[in-house]
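Work through the exercises below with the coordinates open. Try each task before reading its solution.

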Amino acid sequence: DVYKRQGERWGLSANLCRQGSLFADRCEYPAAWQAYREAFEIACAENLPAETLDVVIGVAGLLVDEQPQTAQELLSFCLSQPATSMPARETAIRLQAGLEDWLPEVDFATSGRRGRDLDFETAVAQVDALIAGHLPA
């Protein structure tokens with residue numbers, strides 16, 4: 001049954017995303033990137049926008065220190081999407097608050113505007129490239 005299969009894939013994607021978050025919390029970044037990669041692949045393949053956006057927020061969290069403007073762009077993109085779940089929005093808002101304190105005001109505003117202007121396909125391609133760049137070849 002198609003719905004059962006999609007439900008199983010949804011659950012797998014959601015669990016892998018949670019696993020990525022747990023790895024990130026424990027500073028096990030290679031494992032976090034790998035878990036997010038697997039969750040992202042499933043969410044995209046199964047056309048699960050909310051789960052895709054959950055992964056995008058997780059990836060943004062991993063980028064806060066090394067690429068803060070990219071992180072802000074991705075978070076702003078997710079917050080502009082109606083499919084972003086309330087728990088994911090809360091995480092994005094929390095991450096943005098830290099970035100707002102850290103980034104110069106103009107950089108925060110500019111990257112936020114770029115994120116809000118992204119379309120879904122462009123953002124997905126950007127996240128795909130970011131994930132690939134953080135995994136061993």
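The model is predicted.

**Exercise 1. A salt bridge across the chain**

Task: Find which residue forms a salt bridge with Arg 9, and state where the two partners lie.

Solution.
- Step 1. Start from the general idea: side chains of opposite charge can pair when their charged atoms come close.
- Step 2. Search around Arg 9. The partner is Glu 46, and the closest N and O atoms are 3.6 Å apart. The cut-off is 4 Å, so the pair counts.
- Step 3. Place both residues. Arg 9 sits in helix α1, residues 2-25. Glu 46 sits in the loop between α2 (29-45) and α3 (49-63). The pair is 37 residues apart and links distant parts of the chain.
- Step 4. Check accessibility. Arg 9 has a relative accessible area of 27%, so Arg 9 is partly exposed. Glu 46 is at 11% and counts as buried.
- Step 5. Put the pair in context. The whole structure has 5 salt bridges.

**Exercise 2. Two more charged pairs**

Task: Describe the salt bridge between Glu 28 and Arg 26, then the one between Glu 41 and Arg 37.

Solution.
- Step 1. For Glu 28 and Arg 26, the N to O distance is 3.0 Å.
- Step 2. Glu 28 is partly exposed at 32% relative accessibility. Arg 26 reaches 51% and is exposed. The boundary is 50%, so Arg 26 falls over it.
- Step 3. For Glu 41 and Arg 37, the N to O distance is 3.5 Å.
- Step 4. Both of these residues lie in helix α2. They are 4 residues apart, about one turn of the helix.
- Step 5. Glu 41 is partly exposed at 44%, whereas Arg 37 is buried at 12%.
- Step 6. Look for shared partners. Salt bridges join Arg 37, Glu 41 and Asp 128 into one network.

**Exercise 3. Counting disulfides**

Task: How many disulfides does the structure hold? Justify the count for Cys 17 and Cys 27.

Solution.
- Step 1. Recall the bond: a disulfide is covalent and joins the sulfur atoms of two cysteines.
- Step 2. Test Cys 17. The closest cysteine sulfur belongs to Cys 78, at 10 Å. The cut-off is 2.5 Å, so that distance is too far for a bond.
- Step 3. Test Cys 27. The nearest cysteine sulfur is that of Cys 17, 17 Å away, and Cys 27 is in no disulfide.
- Step 4. Compare settings. Cys 17 is buried at 11%, while Cys 27 is exposed at 51%.
- Step 5. State the count: the structure holds 0 disulfides.

**Exercise 4. Helix packing**

Task: Classify the packing of α3 against α5 (residues 86-102) by angle, distance and handedness.

Solution.
- Step 1. Two packed helices are described by the angle between their axes and the distance between the axes.
- Step 2. Here the angle is about 20 degrees and the axes are 10 Å apart.
- Step 3. Angles under 35 degrees count as roughly parallel. Therefore α3 and α5 are roughly parallel to each other.
- Step 4. The crossing of α3 past α5 is left-handed.
- Step 5. List the contact residues. α3 contributes Asp 54, Ile 57 and Gly 61. α5 contributes Ala 88, Thr 91, Ala 92 and Leu 95.

**Exercise 5. The surroundings of a tyrosine**

Task: Is Tyr 36 buried or exposed, and which residues does Tyr 36 touch?

Solution.
- Step 1. Locate Tyr 36: helix α2.
- Step 2. Relative accessibility is 3%, so Tyr 36 counts as buried.
- Step 3. List contacts, leaving out residues up to four places away in sequence. They include Cys 17, Gly 20, Val 55, Leu 62 and Ile 131.

Notes:
Residues are numbered from 1 along each chain as its sequence is written. This is a predicted model: local features need pLDDT of at least 70, side-chain atom pairs count only at pLDDT 80 or more; totals for chains, interfaces and linings use all residues. Side-chain values use heavy atoms; hydrogens and water are left out. A salt bridge is a side-chain nitrogen of Lys or Arg within 4 Å of a carboxyl oxygen of Asp or Glu. Helices (H or I, at least four residues) and strands (E, at least two) are DSSP runs, numbered from the N terminus. Buried means under 20% relative accessible area, exposed over 50%, partly exposed in between (1.4 Å probe, protein chains only). Axes are lines fitted to C-alpha atoms, for helices over the stretch in contact, and angles run from 0 to 180 degrees between N-to-C directions. Angles under 35 degrees count as roughly parallel, over 145 as roughly antiparallel, 65 to 115 as roughly perpendicular and the rest as oblique. A crossing is left-handed if the near helix is turned anticlockwise from the far one by less than a right angle, and right-handed if clockwise. Contact means heavy atoms within 4.5 Å.
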